[in-house]
Amino acid sequence: MNAWEADARGIYTLDCVGMQELWDAWCGVEFEAHEAPEVSIVEQKTAEVIGRSEQKIDTVLARLPALRATQQKLGAKAKNRDAIAALRDEMDKQEGRLKRLKKKNGDWHGNNNPALQFAKTFGQQAHDKLARDFRCNVYDKPGYLSGGRPDCVVVNGKHDCWVYEFKPKDWNGTDRLADYVKAVADYYTARMQRDEEPSSDLGGRAFQNLVEANCRVSPDSPKKNDTVKFSHRYETYERCASRYQCPE
Amino acid sequence: MNTVGGHWANLPSHGCFVYLARPLGETPKAGRALVEQMCDLQWSKFAWKKIDAALDTRRLSVTFLVGEPSEVHLGGRIAITNRWELGPTDDPPSIWLAAEASRWSEAQFAGLARSWFRIAATQCHVLSGGVFAAANMHNAKVEASREYEALAGEARHPVQVLLEKEPFGFYAWEKLRRVYPITLLGPKLAARTTAEELRAAGALAVESVGDALMFDATERLVEVWNRPYLDATKQLRELVWPWSFQHPHDDAKRRGR
């Protein structure tokens, strides 16, 4: 039954081959001046990936009747009742989801959409690499403000204190970087003024010391009257610089 | 909010910015007046209905972009209000614009920038402003907005390296960022000098706008981080140095500057 459940969940998790196929499709799109980009190729590839997953749905659903029979038999014994009840609930949930997904072209909303999974996973890989390249002291952590987390907080030296946001090069729009940089500065300023330690997720005492040594606005004034300040920058990356890598 | 415009056109460009002491939302007619000046730039899809809806004083800012995310030819932002009460270490509200020079000529851009300066000086609480040329849209956007952007893994453009060494933007509450080909001194900074002093230091034209002063440091809009510009503006840089950001690159007393 656990194997069935794993197979059911696996349908929603885009496998690596699917990811690489979507990658190649997306990065293969040419944007020529005066012509509409050929995103139909991406749509077609997404439909193929969805189609393969739909075939798997039928296979997984076909195994259910036999599993239900086994469930019933095992559940007759008192000692198994609770465990089987929990399993049954989970299988009911998965069965419901799979049946909804079985519609032609699927119902791939939200996190189930393979293209979205692809974009999220690749985006995460790109961010992880940038975090290593820029040696972020604090990388993608919540705690500075509600409803957001800056990509990277780093102190490189005297007055060299930054909050970075990582974005694909052709990204276009507005962003909360100004909010983040203020929240980061306010956070470490408050700790400096009150002589408190940040949480370990946000760098702890060591990082607070680094901030106070390098990022103060008026270092000659008493700490309780001073503030710290960060600059901010977008670091952009080429969406398709290196092919999506399957985790080992 | 910050704005990012994707691939900035790799074409010679111009940029301008204005720093304000109070958010533009406190003088809403000024916001519309600023945008009215942009009508002369003539791009399609410019619709007043959308602009008026966007200039709602509850909004943080209005952003302008002409082109595609793969190549942006004009970008700008008018900040209307602020999410938090502005403090002494917050950057002052600003408006900025960058446009590539083949589609929008130097004369057009400079004319628009001067109009912005006059509106800001007469209808807003203005601090300062600048107008300049840049090698490309990326440099123009970064200099005008102070929103640094860089492509990870690529060597920084020398101008970006210099810009990132600028002191924090909150100095603009009290100081002049630097001398630009067209420079606006709001009342507080204008009180530090006179039109006569500016002319004596080499300003080519000085105009009083209310309590503000607008002056031309060069005949044309030029790039502002190279040797010819430093040579042309040495006396002006010396004059404003005590009340400027004092970027080391601008220090006229440094050898060769």
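**Disulfides and a sheet, term by term**

User: Why is the disulfide of A:Cys161 and A:Cys215 called left-handed?

Analyst: Because the torsion about its S-S bond is about -95°. This is a predicted model, where local features need pLDDT of at least 70, side-chain atom pairs count only at pLDDT 80 or more, and totals for chains, interfaces and linings use all residues. Residues are numbered from 1 along each chain as its sequence is written, chains are lettered from A and ligands numbered from 1 in the order written, and side-chain values use heavy atoms, leaving out hydrogens and water.

User: What makes A:Cys161 and A:Cys215 a disulfide in the first place?

Analyst: The sulfurs sit 2.1 Å apart, and the cut-off is a pair of cysteine sulfur atoms within 2.5 Å. So the pair qualifies. It ties together distant parts of the chain, 54 residues apart: A:Cys161 in strand β3 (residues 160-168) of chain A, and A:Cys215 in the loop between α8 (204-214) and β5 (231-237) of chain A. Helices (H or I, at least four residues) and strands (E, at least two) are DSSP runs, numbered from the N terminus.

User: How many disulfides turn up over all chains?

Analyst: Two, from a search of the whole structure. A:Cys136 and A:Cys152 form one of them, with sulfurs 2.1 Å apart. With -110° about the S-S bond, that link is left-handed.

User: Why does A:Cys136 count as buried?

Analyst: Its relative accessible area is 15%, and buried means under 20%, exposed over 50%, partly exposed in between (1.4 Å probe, protein chains only). So A:Cys136 makes the cut. A:Cys152, at 0%, is buried too.

User: Why is there no bond between B:Cys16 and B:Cys124?

Analyst: B:Cys124 holds the closest cysteine sulfur to that of B:Cys16, but the gap is 14 Å, too far for a bond. B:Cys16 is buried, at 0% relative accessibility, and B:Cys124 is buried at 13%.

User: Why are β3 and β9 of chain B said to stand at the edges of their sheet?

Analyst: The open sheet has eight strands in the order β3-β4-β5-β2-β6-β8-β10-β9 (chain B), with antiparallel pairing. β3 (61-68) and β9 (205-209) of chain B each have a single partner strand, so one side of each is left without a neighbour in the sheet.

User: How do you know that β9(B) and β10(B) pair?

Analyst: Strands pair if DSSP finds at least two bridges between them. β9(B) and β10 (residues 212-216) of chain B have five, in the antiparallel sense, so they pair. B:Val206, for instance, has B:Phe215 in β10(B) as its bridge partner.
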